[in-house]
Amino acid sequence: MSKLVSRSAGLADHPSGFCPGCTHATLTKIIMECIEEMGLLGQTITVLPIGCASLNAGFIETDLVMSAHGRAPAVATGVKRCQPDKLVFTYQGDGDLASIGLTEIMMAANRGEHFCTFFVNNGIYGMTGGQMAPTTPVGEPSTTGGKHRDPATTGYPLRICEILDQMEAPVYIARCSLDSVPNIRKAKACIRKALEYQRDDKGYCLIEFLSACPTNWKLPPLKALEHIRTVTIPVYPLGVIRDKGGEQA
């Protein structure tokens with residue numbers, strides 16, 4: 001018998017607003033499925049910054065706070081410290097987290113704040129016109145980097161998971177991909193673990209999700225998914241980088 005698929009109660013009953021083929025919508029769906037399955041929709045506070053992530057403001061059915069560009073970790077810190085019994089997560093893109101918000105995410109991770117960060121890495125500024133991001137792979141075109149990213153002038157892409165892995169405090173760090181059904185299932189399992197660690201007051205968790213941006217990559221949706229597999233994953237290897245949650249049980 002086929003299984004019926006229904007919209008999570010954590011999502012509003014209208015289109016998300018993301019571009020066709022954008023995997024932001026996929027990620028939002030599986031995050032909210034996890035929270036609903038855990039019975040925590042009424043106890044969750046979402047913190048969103050500026051950028052494509054902000055489109056979730058009218059789509060996610062939880063309590064929600066909007067922050068200035070890059071400041072979601074600082075806002076989430078305040079929210080969680082004021083409401084320690086709530087499940088709190090930030091949902092951030094790479095231009096937001098790895099550029100203007102780099103200090104905020106590093107300091108929150110270094111302090112071991114008790115919230116989760118869901119970090120969407122599509123290697124480009126999606127909402128503002130396809131500018132080069134700190135995560136843009138070498139050789140990738142962008143509106144500000146020209147025909148390709150040249151490390152001689154713009155440096156190399158930042159690997160946020162590996163940077164945070166140098167710190168003592170984070171409990172769980174993982175990198176997933178949204179390019180295929182098997183990888184989406186693995187991503188959902190990682191989300192569930194991070195949310196369980198926060199529910200159990202373990203500490204700071206960050207999951208990076210390799211995502212597609214068909215509009216700014218100028219690729220059809222299926223080609224954009226292939227691009228993740230052939231270009232993005234070799235730069236950003238998948239896997240659990242740190243899992244200390246069991247040590248604190």
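1. Is Asp 201 buried, partly exposed or exposed? Asp 201 has a relative accessible area of 48%. Buried means under 20% and exposed means over 50%. Asp 201 therefore counts as partly exposed. This residue sits in the loop between α7 and β6. Asp 201 is not a glycine, yet its phi is positive, at about 60°. Please read this and every point below with one caution: the model is predicted.

2. Lys 218 invites the same kind of check. Its phi is also positive, about 60°, and Lys 218 is not a glycine. The residue belongs to the loop between α8 (214-217) and α9 (221-235). Its relative accessibility is 68%, so Lys 218 counts as exposed.

3. Now the overall fold. The chain has nine helices and seven strands. Its C-alpha atoms fill a box of roughly 50 × 45 × 30 Å along the principal axes. What radius of gyration does the chain have? The value is 17 Å. A compact globule of 249 residues would have a radius near 18 Å, so the chain agrees with that expectation.

4. Burial and contacts come next. Of the 249 residues in the chain, 52% are buried. Take the contacts with a separation of 6 or more: 68% of them join residues 24 or more positions apart.

5. The surface and the charges can be put briefly. The accessible surface comes to about 10,900 Å². Carbon and sulfur atoms hold 57% of that surface. The chain carries 24 positive and 24 negative side chains. The centres of these two sets lie 3 Å apart.

6. Where is the main nonpolar packing? The largest nonpolar core has 36 residues. Ile 191 and Ile 207 have the most contacts inside this core. Two or more residues come from each of α1 (24-37), β3, β4 (116-121), β5 (172-177), α7 and β6 (205-210). Helix α7 gives the largest share, seven residues. As background, nonpolar side chains tend to be buried together in soluble globular proteins.

7. Ile 207 deserves a closer look. Leave out residues up to four places away in sequence. Ile 207 then touches Thr 117, Phe 118 and Phe 119. Its other partners are Tyr 172, Ala 174, Cys 176, Cys 190, Ile 191 and Ala 194. Apart from the 36-residue core lies another, of 20 residues. Its members include Ala 76, Val 79, Phe 119 and Cys 161.

8. Which residues of helix α2 (residues 72-82) are buried? They are Ala 72, Pro 73, Ala 76, Thr 77, Val 79 and Lys 80. Lys 80 is thus listed among the buried residues. The buried residues of α2 pack against three strands and two helices, namely β1 (44-48), β2 (63-66), β3 (87-93), α4 (102-111) and α7 (181-199). Ala 76 and Val 79 also belong to the 20-residue core.

9. Arg 199 closes the list. This residue is found in helix α7. Its relative accessibility is 43%, so Arg 199 counts as partly exposed. Setting aside neighbours within four places in sequence, Arg 199 is in contact with Met 38, Leu 40 and Leu 87. How far apart in sequence are Arg 199 and Leu 87? They are 112 residues apart. In space, C-alpha to C-alpha, the two are 6.3 Å apart.

Terms used. Residues are numbered from 1 along each chain as its sequence is written. This is a predicted model: local features need pLDDT of at least 70, side-chain atom pairs count only at pLDDT 80 or more; totals for chains, interfaces and linings use all residues. Side-chain values use heavy atoms; hydrogens and water are left out. Helices (H or I, at least four residues) and strands (E, at least two) are DSSP runs, numbered from the N terminus. The radius of gyration is taken over C-alpha atoms; the globule rule is 2.2 Å times the number of residues to the power 0.38. Buried means under 20% relative accessible area, exposed over 50%, partly exposed in between (1.4 Å probe, protein chains only). Contact means heavy atoms within 4.5 Å. Accessible areas come from the Shrake-Rupley method with a 1.4 Å probe; for residues, only the protein chains shown count as cover. Lys and Arg count as positive and Asp and Glu as negative; His and the chain ends are not counted. The place of a charge is taken as NZ of Lys, CZ of Arg, CG of Asp or CD of Glu. A nonpolar core is a set of buried Ala, Val, Leu, Ile, Met, Phe, Trp, Tyr and Cys residues joined through side-chain atoms within 4.5 Å.
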